[in-house]
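Here's a walk through a multi-chain model, one piece at a time. Have the viewer open and follow along as we go from a single chain to its neighbours.

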Amino acid sequence: MPLGGIIFLALFILAFGVFLIFLARKIGGRKPGPAVKFEAYECGITGVAKKDTKISVKFYLTAILFILFDIEIIFMYPWAVTYRDFIASGQGAFVLSAMFIFLAVFIFGLFWEIKSRALEWD
Amino acid sequence: MGKDTLEIAINGLKLVLIFLMMVQAVPILVWLERRGSAFIQNRFGPNRVGPLGLLQLLADAVKFLTKEDFYPRTAVKTLFYLAPVFALIPATLAFCAIPMSTPIQVAAFDAFGSSWGPYVFKIQGFDISVGIVYILGMSSLAAYTILMAGWGSGSKYSLLGALRASAQTISYELALGLSIVGVILLYGTFDLTSMIQAQEGALHFQMMGQTVTSQFLPNWGFFYQPLGAVLFFAATFAESNRLPFDLAEGEAELVAGFHTEYGGFKMLMFFIGEYGHMMVASGLFAAFYLGGYALPIPSWNPAAVLHWSTELLGSKESGSVLAAIIHFLSFNIKFGLLLWIFIWVRWTLPRFRYDQLMDLGWKTMLPWSLANAMITAVGVYLASVAMV
Amino acid sequence: MQSTSFLTEIGLSHYLVLSALLFVMGVATVLLRRNLIVILMGVELMLNAVNISFIAFSKYNDRVEGQLMVFFVMTIAAAEAAVGLAIAVSIFKRFKEVNIRFFEHLKG
Amino acid sequence: MADVIVFWFLALVTVGSGLAVVLLPNPIYCALCLAMTMVGVSALFVTLGAYFIAGVQLIVYAGAVLVLFTMVLMLFDLKSETNAFSRGVITGAIKVACAGVLSGLIAGAIVMTLGQRSSVVSPLAEKSAIDSTKALGKLLFQENVFAFEALGVLLLVIAVGTVSLARSKGGTHAKH
């Protein structure tokens with residue numbers, strides 16, 4: 001496993017990117033302007049304070065459901081990679097049915113989420 | 001990384017070269033995208049600077065470099081500046097794990113008073129035997145870039161764009177991960193090179209002890225996993241935030257999504273990240289479903305090409321170099337075609353609405369990729385059991 | 001001579017000490033911080049520290065069970081984080097507050 | 001030699017970013033530093049030969065759980081806390097002392113066991129990544145099938161539970 005290479009490349013890109021940003025800062029500079037120039041973009045009107053930005057709770061609900069389903073998918077990976085070995089040793093039917101029971105739970109969960117309208121965006 | 005100093009140095013240089021290759025491919029793709037979109041929409045596109053507008057790339061780079069360095073008053077400067085740098089890392093690290101050609105062999109030689117080699121250099125950044133898991137892990141880190149940029153800008157548009165983009169990315173990661181299960185079941189490995197080797201030769205289906213062989217078609221994964229391939233490709237569009245799934249930067253609603261406040265080189269880095277994800281997706285698709293670097297004719301498999309080039313050039317080493325060049329070109333043709341499809345789709349399909357996007361991800365693609373994995377499992381079982 | 005071998009020969013003890021350090025950092029996060037979500041992060045840090053020692057023992061005893069245990073721990077940890085954050089978000093929606101000191105004065 | 005440098009580098013990264021989690025007052029920086037720790041831990045798993053687990057660590061922890069943490073923190077939009085740490089000299093001192101005693105106990109336990117064992121245990125035969133993954137899969141699906149199915153049910157329960165929690169209006173603790 002070329003861990004050293006991965007770390008080397010990550011650090012190289014980090015250095016490269018930081019260097020480029022500094023270069024662009026040096027060349028581009030930062031010119032003064034009226035105070036409104038340094039406001040965050042707000043369609044041309046004067047910005048108001050950022051308090052109470054209402055963000056739908058759906059975003060985090062999606063993220064939670066993503067975690068749970070992601071783990072179920074991760075469980076399928078070692079299964080998929082050993083599946084042919086199990087078939088060769090005659091345990092294919094057992095492992096297949098074990099996974100199908102697991103998937104039945106998964107599918108039940110997915111349909112429950114759909115039916116309970118947890119995934120509706122309006 | 002290597003046995004001795006020379007090998008380590010060459011492998012390190014190779015990584016830097018792959019990174020620079022990705023970086024310099026981006027202006028070319030941008031040019032291709034602008035000219036291609038102009039062609040599709042029956043207009044001219046950039047055609048003033050240089051022949052066919054090719055020098056536009058250079059002009060753009062100069063423009064990006066000389067732009068004023070701007071950050072809004074409300075920005076969190078650390079995150080604002082770090083986000084574009086981090087945008088480069090996951091895509092590049094993931095791309096380095098994709099095999100691009102057959103290895104080059106170097107014979108032993110004497111230099112600097114000691115003997116070196118023999119070496120085998122792979123045309124691949126890192127040879128990772130759990131390649132798929134590594135690539136998925138690396139590309140799942142891309143969500144941080146988006147969140148850092150969105151929150152660091154201190155702008156409402158950026159924050160909303162970032163939340164949308166990350167919710168979309170993670171939703172489609174499920175369909176992506178599940179469609180890959182079919183591929184893993186098919187080849188029984190995580191290693192991309194073994195997958196490509198499994199796709200050599202002529203197409204043959206095994207079912208209940210019968211084998212049907214087609215001499216004309218290559219043994220590509222696409223013929224075993226058509227549904228999986230379509231789902232995988234669609235999910236990668238959403239992963240790389242490309243139209244028709246570029247809700248994060250729907251201009252009419254969110255100005256430019258999470259990079260609203262970015263300009264100049266910082267925005268260029270986000271671009272490199274986005275195109276990097278497209279390249280990872282295209283490279284993975286080629287490796288999973290289109291035989292990777294192998295030529296599309298069954299009898300011209302990598303071993304045969306290596307044999308032919310060795311006969312032609314007389315030595316094993318120069319033969320391996322020629323074979324590597326041939327396979328590299330073959331990989332790049334597939335790679336380029338897939339990237340062109342990314343561009344083509346962008347200028348053909350309209351954008352989805354956000355609820356449609358989420359519905360498609362959770363209620364259509366997730367169940368279908370689940371069905372694909374189950375069908376593949378049953379198919380592999382039936383094909384193997386009757387064989388025994 | 002002792003010090004160089006400590007630096008150049010990485011053994012089981014190195015991983016265990018690293019794991020212990022991370023675990024203590026997790027404990028310190030849970031004890032010292034007042035933000036509900038940062039406390040949950042401290043719990044994750046502790047679980048990760050334990051995972052390191054599981055994997056280290058698994059490697060140095062040449063048994064795969066340690067890896068399997070880590071797989072299970074990760075699953076449970078992710079589930080715990082999901083539930084913890086769901087509770088944190090519903091608390092935040094109700095009280096607009098994530099500082100645990102605030103909840104000392106609640107009555108059931 | 002390269003392995004040694006990699007280990008010390010990773011130890012530095014994990015411990016450094018772990019300390020940042022404890023000490024930084026801004027919770028968003030805490031979450032990002034924790035993500036860095038997770039990536040470092042994943043790389044440590046690679047040095048220990050657990051390749052698949054390292055990938056899972058990257059996908060599940062760094063790619064999912066901490067993205068959720070970061071998203072929730074942005075949802076709350078907490079800039080920086082005025083008082084991030086517990087107040088009170090006595091309670092604070094007790095807590096720091098607790099952490100110190102715990103670290104001392106753990107370090108002592110490790111040192112004492114090391115004295116009994118023969119210095120450094122040598123790692124056994126190096127396995128290829130795919131073999132160790134296959135061994136993991138076989139163990140999971142032959143001897144631990146029940147645990148696997150139980151985890152499936154657990155995940156289902158949690159999926160249902162979190163959706164109900166997210167919808168709840170706050171239970172009996174109504175705010176007046």
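Of the 176 residues in chain D, 41% are buried. Keep in mind that we're looking at a predicted model. Chain D is built from 6 helices and 0 strands, so reading from the N terminus you simply get α-α-α-α-α-α. Take the contacts in chain D with a separation of 6 or more: 54% of them link residues 24 or more positions apart.

Now bring in chain C. Its contact with chain D takes 63 residues from chain C and 71 residues from chain D. On the chain C side, the elements that give two or more residues are α2 (12-32), α3 (36-60) and α4 (65-95). Of these, α4(C) gives the most, with 23 residues. Sort that side of chain C by class and you find 43 nonpolar, 11 polar and 9 charged residues.

Turn chain C towards chain A and here 6 residues of chain C are in contact with 6 residues of chain A. The chain C side of this contact has 5 nonpolar residues, 1 polar residue and no charged ones.

Where do the nonpolar residues gather? In soluble globular proteins, nonpolar side chains tend to be buried together. Here, the largest nonpolar core has 248 residues, and the ones with the most contacts inside it are D:Leu68 and D:Val72. Which residues does D:Leu68 touch, leaving out those up to four places away in sequence? From chain A there are A:Tyr60, A:Ala63, A:Ile64 and A:Ile67, and from chain C there are C:Ala81 and C:Leu85. There's also a second, separate core of 5 residues, and B:Val305, B:Ala323, B:Ala324 and B:Ile326 are among them.

Staying with chain B, have a look at helix α5 (residues 142-152) and helix α6 (residues 156-187). These two helices of chain B pack at an angle of about 165 degrees, with their axes 7 Å apart. Because of that angle, α5(B) is roughly antiparallel to α6(B). Their crossing is left-handed. From α5(B), the contact draws on B:Ala142, B:Ala143, B:Ile146, B:Leu147, B:Ala149, B:Gly150 and B:Trp151. Opposite them, α6(B) puts in B:Ser158, B:Leu159, B:Gly161, B:Ala162, B:Leu163, B:Ala165, B:Ser166, B:Thr169 and B:Ile170. Put both helices together, and the residues of this contact come out as 11 nonpolar, 5 polar and no charged.

Definitions and conventions:
Residues are numbered from 1 along each chain as its sequence is written. Chains are lettered from A and ligands numbered from 1 in the order in which they are written. This is a predicted model: local features need pLDDT of at least 70, side-chain atom pairs count only at pLDDT 80 or more; totals for chains, interfaces and linings use all residues. Two residues are in contact if their C-beta atoms, placed from the backbone, lie within 7 Å. Ala, Val, Leu, Ile, Met, Phe, Trp, Tyr, Cys and Pro count as nonpolar, Asp, Glu, Lys and Arg as charged, and the others, Gly among them, as polar. Axes are lines fitted to C-alpha atoms, for helices over the stretch in contact, and angles run from 0 to 180 degrees between N-to-C directions. Helices (H or I, at least four residues) and strands (E, at least two) are DSSP runs, numbered from the N terminus. Angles under 35 degrees count as roughly parallel, over 145 as roughly antiparallel, 65 to 115 as roughly perpendicular and the rest as oblique. A crossing is left-handed if the near helix is turned anticlockwise from the far one by less than a right angle, and right-handed if clockwise. A residue is buried if 20 or more other C-beta atoms lie within 10 Å of its own, exposed if 12 or fewer, and partly exposed in between; C-beta atoms are placed from the backbone. A nonpolar core is a set of buried Ala, Val, Leu, Ile, Met, Phe, Trp, Tyr and Cys residues joined through C-beta atoms within 7 Å.
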